[in-house]
Amino acid sequence: MHKLYDDEEMPPRLKGQRCGSCDRVAFPPNPYGCETCGAFGAQVEEQLLAGKGRLLAFVTTHHANQRDISVPYTIASIALEDGPVVRALMNTPTDSALKVNDAVESVLVGRQAPTGDAVDELRFRVSGAD
């Protein structure tokens with residue numbers, strides 16, 4: 001599986017696509033083309049998206065649906081500056097310091113995969129947070 005982000009810049013940029021026909025920006029890229037107008041092939045180009053946006057909503061869960069993620073964790077809906085809305089994990093376990101409309105940015109967080117390997121995982125944090 002290839003990464004959905006480019007970590008050569010910080011904050012990491014997301015690999016999305018832009019439709020040359022209707023100008024829709026999407027994330028993740030859709031191999032079947034544009035979901036809005038149906039354009040495909042050369043009409044749809046890959047585009048790196050800024051890993052920045054605004055918090056639309058968030059929730060902290062205390063039940064793990066996967067064993068390889070510790071609880072609690074916070075999932076957020078984020079409106080990226082480039083247009084798409086994504087759902088992503090926040091880098092803080094709880095939402096106690098978050099507010100709707102907070103500026104957020106992508107960040108890589110190291111963790112141990114179920115295989116024991118160290119992996120980087122794309123998450124979001126409040127902009128300027130360490």
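Two strands are said to pair if DSSP finds at least two bridges between them. With that definition in hand, the exercises below work through a predicted model.

**Exercise 1. Work out which elements make up the protein and in what order they run from the N terminus.**

Solution. Begin by counting the elements by type: the protein has nine strands and zero helices. Then follow the chain from the N terminus, where the order reads β-β-β-β-β-β-β-β-β. As a last step, consider the extent of the C-alpha trace, which spans about 40 × 35 × 30 Å along its principal axes.

**Exercise 2. Determine the order of the strands in the open sheet of five strands, and explain why one side of strand 7 and of strand 9 is left without a neighbour.**

Solution. Step one is to recall that strands of a sheet pair through backbone hydrogen bonds, either parallel or antiparallel. Step two is to read the order of this open sheet, which is 7-6-5-8-9, with antiparallel pairing. Step three is to look at the two ends of that order: strand 7 (85-89) and strand 9 (118-126) stand at the edges and have a single partner strand each, so one side of each lacks a neighbour in the sheet. From one strand to the next, the twist averages 30°.

The final step takes one pair from the order and examines it. Strand 5, residues 52-61, and strand 8, residues 103-112, pair in the antiparallel sense over three bridges. Within this part of the sheet, Lys52 has Glu105 of strand 8 as its bridge partner.

**Exercise 3. Decide whether Ile78 is buried or exposed, and find which residues it contacts beyond its neighbours within four places in sequence.**

Solution. First locate the residue: Ile78 belongs to strand 6, which covers residues 73-80. Next apply the cut-off, under which a residue is buried if its relative accessible area is under 20%. Ile78 has a relative accessible area of 0%, and therefore it is buried. Then turn to the contacts of Ile78 outside its neighbours within four places in sequence, which include Gly53, Arg54, Leu55 and Leu56, as well as Val104 and Phe124. For a wider view, buried residues make up 33% of the 130 residues in the protein.

**Exercise 4. Find where the cis peptide bonds before Pro11 and Pro72 lie.**

Solution. Take Pro11 to begin with: a cis peptide bond joins Met10 to Pro11, with omega about 0°, and Pro11 is placed in the loop between strand 1 (5-6) and strand 2 (13-19). Continue with Pro72, where the peptide bond from Val71 is cis and omega is near -5°. Pro72 is found in the loop between strand 5 and strand 6.

**Exercise 5. For Asp23 and Asn101, state the value of phi, the location, and why each counts as partly exposed.**

Solution. Start with Asp23, which is not a glycine and yet has a positive phi of about 75°; this residue lies in the loop between strand 2 and strand 3 (25-26). Turn then to Asn101, also a residue other than glycine, whose phi is positive and near 80°, and whose place is in the loop between strand 7 and strand 8. For the last part, recall that partly exposed is the class between the buried cut-off of under 20% and the exposed cut-off of over 50%. Asp23 has 48% relative accessibility, so it counts as partly exposed, and Asn101, at 49%, therefore counts as partly exposed.

Definitions and conventions:
Residues are numbered from 1 along each chain as its sequence is written. This is a predicted model: local features need pLDDT of at least 70, side-chain atom pairs count only at pLDDT 80 or more; totals for chains, interfaces and linings use all residues. Side-chain values use heavy atoms; hydrogens and water are left out. Helices (H or I, at least four residues) and strands (E, at least two) are DSSP runs, numbered from the N terminus. Buried means under 20% relative accessible area, exposed over 50%, partly exposed in between (1.4 Å probe, protein chains only). Axes are lines fitted to C-alpha atoms, for helices over the stretch in contact, and angles run from 0 to 180 degrees between N-to-C directions. Contact means heavy atoms within 4.5 Å.
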